[in-house]
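Trainee: I've got a model open and lots of terms to sort out. Can we go through what earns each label?

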Amino acid sequence: MSVSHSSLLSDLLRQTGGVAVVDGGLATELERHGADLNDPLWSAKCLVSSPHFIRQVHLDYLEAGADIIITASYQATIQGFKAKGLSQEESEALLKKSVEIACEAREVYYAKCSKVSQNGTTDNTKILIHRPILVAASVGSYGAYLADGSEYSGNYGDAMTLDFLKDFHRRRVQVLAKSGADLIAFETTPNKVEAQAYAELLDDEDIKIPAWLTFNSKDGINVVSGDSLLECASVAEKCKKVIAVGINCTPPRFIHGLVSSVKKVTTKPIIIYPNSGEKYDPDLKDWVENTGVSDEDFVSYVNKWHDAGASLIGGCCRTTPNTIRAIYKAFHNR
């Protein structure tokens, strides 16, 4: 791995004072802007129908203080696009488009920053400060492609193999790695075998950009499949092209303990972006109202998470630009 790969996040963290802000939930914000996501492609549907909404949500998060924005490719798979009647070429073009949209949002943001004073501006609504911004290309799990909630159980059946998962993800990872993103975000990884598939793909395919690998938990101890978090994090630790490891789409109440666990087995930066704490109903394909925490409660945790060892902090499902703005201010007001 090149020096630039290994230093990508360390350089960012040095420039951000030791903690960087990751963006927040995408789907809820797309719906707020008017997108209809009732589709197996979920937020990836907007790559086809309404890319301007995606660009606007990315921009909203940058104006809220995010240092890293994650592309709308979590549920964007070549297999899923083909099931909708798209060709291989069209499917690959949409993967590239997810990164292009995020990069466009970054350029729009920089243009806005250049119009304000040299020191930038931070008001109650928009943070316009020219700073390093990374684009992370999202890769959701095989369970996310199934669109049946199995990324929240990790139960792929006894027939699931390492080779199958590598074959499933291979071309998608190859395309995203050459699309202009700064790194790949392997997100909501529900079991050890999929983590191993990602790690082997990064090495086997000579992927030229680094990656982070995050897991999800529903008990605060193991990943959702029941596999050991320590074993899963160790897979990420051993892969030289993985430059951060952590937790996403997990209730905030579990994060402190999970960070402490991950810290036992990794020397790499720890990234966490929990959901709002709301429960997801895979049958209704919707979030159960009033089961989460407020932005105020969410943000009250972030300094404790940082003290426990997390250095990249944001939000996942049901968090908003308001959440991310509050995280930014929590760290910049210290």
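**Strands, helices and cysteines**

Mentor: Sure, and keep in mind that this is a predicted model. Start with β2: three bridges link β2 to strand β5 (residues 134-139), and the two run parallel. I70 sits opposite A136 in β5.

Trainee: What makes β2 and β5 a pair?

Mentor: A pair needs at least two bridges. β2 and β5 have three bridges, so they count as paired.

Trainee: Why is β2 called an edge strand?

Mentor: Eight strands make an open sheet, in the order β1-β12-β9-β8-β7-β6-β5-β2, with parallel pairing. β1 (20-21) and β2 (68-70) are the edge strands, as each pairs on one side only.

Trainee: Which strands does helix α9 touch?

Mentor: Helix α9 (residues 192-204) packs on the sheet and touches β5, β6 (183-189), β7 (211-215) and β8 (242-248). Its direction makes about 165° with that of β6.

Trainee: Now the cysteines. How many disulfides does the structure hold?

Mentor: Zero. C113 is in no disulfide, and the nearest cysteine sulfur, that of C103, is 16 Å away.

Trainee: Why is there no bond between C317 and C249?

Mentor: The closest cysteine sulfur to that of C317 is in C249, at 3.7 Å. A disulfide needs the sulfur atoms within 2.5 Å, so this pair is too far apart for a bond.

Trainee: How do you know whether C113 and C317 are buried or exposed?

Mentor: Buried means under 20% relative accessible area. C113 has 5%, so it is buried. C317 has 11%, so C317 is buried too.

Terms used. Residues are numbered from 1 along each chain as its sequence is written. This is a predicted model: local features need pLDDT of at least 70, side-chain atom pairs count only at pLDDT 80 or more; totals for chains, interfaces and linings use all residues. Side-chain values use heavy atoms; hydrogens and water are left out. Buried means under 20% relative accessible area, exposed over 50%, partly exposed in between (1.4 Å probe, protein chains only). Helices (H or I, at least four residues) and strands (E, at least two) are DSSP runs, numbered from the N terminus. Contact means heavy atoms within 4.5 Å. Axes are lines fitted to C-alpha atoms, for helices over the stretch in contact, and angles run from 0 to 180 degrees between N-to-C directions.
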